[in-house]
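Student: Please pick one helix and look at it closely: what surrounds it, how it packs, and how far the model can be trusted there. A single connected account would suit me.

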Amino acid sequence: MPGGRLTQQERQQIALGLADGLAYAEIARRLDRPTSTVTREVMRNGGPTSYRADLAHLTAERRAHRRKKPATRAPGAAPQPDGRDTEAVREYEETFTTVFMQSGLPKMTARLLTALYTTDSGSLTAAELAAHLQVSPASVSKAVTFLESQGLIRRERDERRRERYVVDDDVLYQSTMASAHSIAHLGEIARQGVGILGPGTPAAARLENIARFVDFVAESITRAAGQAREILHTKPTER
């Protein structure tokens with residue numbers, strides 16, 4: 001697959017593909033690019049309904065111009081540990097953020113969750129988050145409130161009595177279980193329609209099949225999550 005930045009012509013092809021309702025994978029195949037490249041390009045430039053090739057290309061040129069300038073660290077931002085490539089880490093964070101956005105999280109919320117997931121400690125203060133993301137404390141507070149309400153992060157006090165925001169090792173398990181319960185609820189509602197629409201009718205048969213399918217998927221997710229839960233608690237020395 002070709003490397004390097006997307007060209008203006010490629011961005012125009014992405015815009016045409018979105019207009020035609022093509023999936024990211026199909027657009028990427030036509031461009032001979034990774035699907036993640038197309039996904040990240042679209043999500044960082046307004047999403048599938050607002051993507052404009054000309055504006056996206058202009059933004060990319062400005063971003064490339066900024067990268068040529070000497071790198072300056074934001075006040076309060078910590079240096080990259082273990083000799084990590086700062087630019088590679090930043091690019092990875094953008095990719096991870098895109099995945100969260102595809103799952104329905106707002107951009108600011110997705111960025112904050114990514115910052116916590118990619119921090120060795122798994123926890124940051126509001127000031128550290130604001131410095132890392134280069135946003136206002138108010139933006140951090142709003143994102144934190146939403147994530148906490150969804151059970152995706154929790155608060156705790158450190159030895160200096162500062163409030164820290166933490167991604168728990170069990171967060172992904174709890175999120176997966178919540179998704180399984182939501183899927184199971186869909187099956188319950190579908191099965192209610194069988195009696196209302198009349199057993200033996202085409203509509204009732206369709207709903208019954210949906211309920212059976214959903215039951216199987218929800219049970220499979222619940223069973224698999226339970227079996228794999230301990231993986232989330234595996235430490236590097238135990239691998």
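**Confidence, then one helix**

Tutor: The chain has an average pLDDT of 84, and 90% of its residues reach at least 70; pLDDT is the predictor's confidence in each residue, on a scale from 0 to 100. The model is a predicted one, so local features are taken only at pLDDT of at least 70 and side-chain atom pairs only at 80 or more, while totals for chains, interfaces and linings use all residues. Numbering starts from 1 along each chain as its sequence is written, and side-chain values use heavy atoms, with hydrogens and water left out.

Within the chain, helix H4 (residues 53–68) has the lowest confidence, with a mean of 76, and helix H10 (residues 202–228) the highest, at 94. Residues 73–77 fall below 50 in pLDDT, and this stretch makes six contacts in the model beyond near neighbours in sequence. Where confidence is low, the predicted coordinates should not be read in detail.

The part chosen here is helix H3, residues 35–43. Helices (H or I, at least four residues) and strands (E, at least two) are DSSP runs numbered from the N terminus. Seven of the nine residues of H3 are buried, so the rest of the structure largely encloses this helix. Buried means under 20% relative accessible area, exposed means over 50%, and partly exposed lies in between, with a 1.4 Å probe and protein chains only. The buried set of H3 is Thr37, Val38, Thr39, Arg40, Glu41, Val42 and Met43.

One neighbour is helix H1 (residues 8–19), whose axis comes within 11 Å of that of H3 and crosses it at roughly 80°. Axes are lines fitted to C-alpha atoms, for helices over the stretch in contact, and the angles run from 0 to 180 degrees between N-to-C directions. H1 and H3 are therefore roughly perpendicular; the classes are under 35 degrees for roughly parallel, over 145 for roughly antiparallel, 65 to 115 for roughly perpendicular, and oblique for the rest. Arg11, Ile14 and Leu18 of H1 meet Val38, Glu41 and Val42 of H3, where a contact means heavy atoms within 4.5 Å. By class, the residues at this contact of H1 with H3 are four nonpolar, no polar and two charged. Ala, Val, Leu, Ile, Met, Phe, Trp, Tyr, Cys and Pro count as nonpolar, Asp, Glu, Lys and Arg as charged, and the others, Gly among them, as polar. An α-helix has 3.6 residues a turn, so residues three or four places apart point the same way.

A second neighbour is helix H5 (86–102). H3 and H5 pack with their axes 9 Å apart, at an angle of about 75°, which makes H3 roughly perpendicular to H5 as well. In H3 the residues involved are Thr39, Arg40 and Met43; in H5 they are Glu91, Glu94, Thr95, Thr98, Met101 and Gln102. The contact of H3 with H5 divides into two nonpolar, four polar and three charged residues.

Thr39 of H3 is buried, at 8% relative accessibility. Leaving out residues up to four places away in sequence, Thr39 touches Tyr24, Thr98 and Gln102.

H3 also takes part in the largest nonpolar core. Such a core is a set of buried Ala, Val, Leu, Ile, Met, Phe, Trp, Tyr and Cys residues joined through side-chain atoms within 4.5 Å. The largest one has 34 residues, and those touching the most other members are Ile14, Val38, Leu112, Leu113, Leu116, Leu129 and Ile153. H1, helix H2 (24–31), H3, H4, H5, H6, H7 and H8 each supply at least two residues of this core. H6 gives the most, with five residues.

In H6 (residues 107–117), the buried residues include Leu112, Leu113 and Leu116. Among the elements covering the buried residues of H6 are H5, strand S1 (123–125), H7 and H8. Leu129 touches Leu112 and Leu116, among others.

Away from these contacts, Gly21 in the loop between H1 and H2 is exposed, at 60% relative accessibility. The C-alpha atoms of Gly21 and Pro48 are separated by 9.2 Å, although the two lie 27 residues apart along the chain.
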